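Hi,

Here is the model I promised to pass on. Have a look at it first, and then read my notes underneath.

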Amino acid sequence: MPGWIDREMIGDIMSVARGGLAPYTNELSFGMSIPNKVIEYLGGGLPVITSLLGETRNLLSEHALGYFYPYGDSVALANQIRAVCGDDSGSDGNRVRAKGVFDLRFEASHVYGNMSDWLVEVSARK
């Protein structure tokens, strides 16, 4: 565990990582949203190891970018870490898919453009 790292180091680490770990608790707020760390991992081209349910699981499952384990099950978590580390066959495809999902769903120009369009549409309603 590298501790606190700056933006440049994050990119360097993600470029050699096989996956990102998002060990959140399954609270309602996490189920209704997608945590920033998950989005950051996708932007770095990484599949995500997580126990999260809800929106995060739906997104990762839809794009085959998730390695899931039941919250609190350390043996299952270790198995998923091994699976990610041992998956040489799909690592390049995972990187391309993860980055594509990030670019389409979370990249700032898309998010802000879509929000702007939505605001114009809503303001035009009577």
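Strand β2, which covers residues 48-50, pairs with β3 in the parallel sense, and three bridges link the two. Within that pairing, Ile 49 sits opposite Tyr 67 of β3.

Zooming out, β2 and β3 belong to an open sheet of three strands, ordered β1-β2-β3 and paired in parallel. At the edges you'll find β1 (20-22) and β3 (66-68), each of which pairs on one side only. Going from one strand to the next, the twist averages 25°.

Bear in mind that this is a predicted model. On confidence, the protein chain averages a pLDDT of 89, with 96% of the residues scoring at least 70. Among the elements of the chain, β2 has the highest mean pLDDT, at 96, while helix α7 (residues 108-124) has the lowest, at 82.

Helix α7 is also where Met 115 lies, and that residue takes me to the surface. Together with Trp 118, Leu 119 and Val 122, Met 115 makes a nonpolar surface patch of about 370 Å². So is Met 115 buried or exposed? Neither, quite: its relative accessible area is 44%, and because buried means under 20% and exposed means over 50%, Met 115 counts as partly exposed. That 44% also clears the cut-off for patch residues, which is over 30%.

If you only have a minute, start with the β2 and β3 pairing, then turn to the patch that includes Met 115 and Trp 118.

Cheers

Methods
Residues numbered from 1 in each chain as written. Predicted model: local features only at pLDDT ≥ 70, side-chain atom pairs only at ≥ 80, totals over all residues. Heavy atoms only, no water. Pairing = 2+ DSSP bridges. Helix = DSSP H or I, 4+ residues; strand = E, 2+ residues; numbered from the N terminus. Axes fitted to C-alpha atoms, helices over the stretch in contact; angles between N-to-C directions. pLDDT = per-residue confidence, 0-100. Patch = residues over 30% accessible without salt bridge, like charges linked within 9 Å, V, L, I, M, F, W, Y side chains within 5 Å. Areas by Shrake-Rupley, 256 points an atom, 1.4 Å probe, with all protein chains shown as cover. Salt bridge = Lys/Arg side-chain N within 4 Å of Asp/Glu carboxyl O. Buried < 20%, exposed > 50% of the residue type's maximum accessible area, 1.4 Å probe, protein only.
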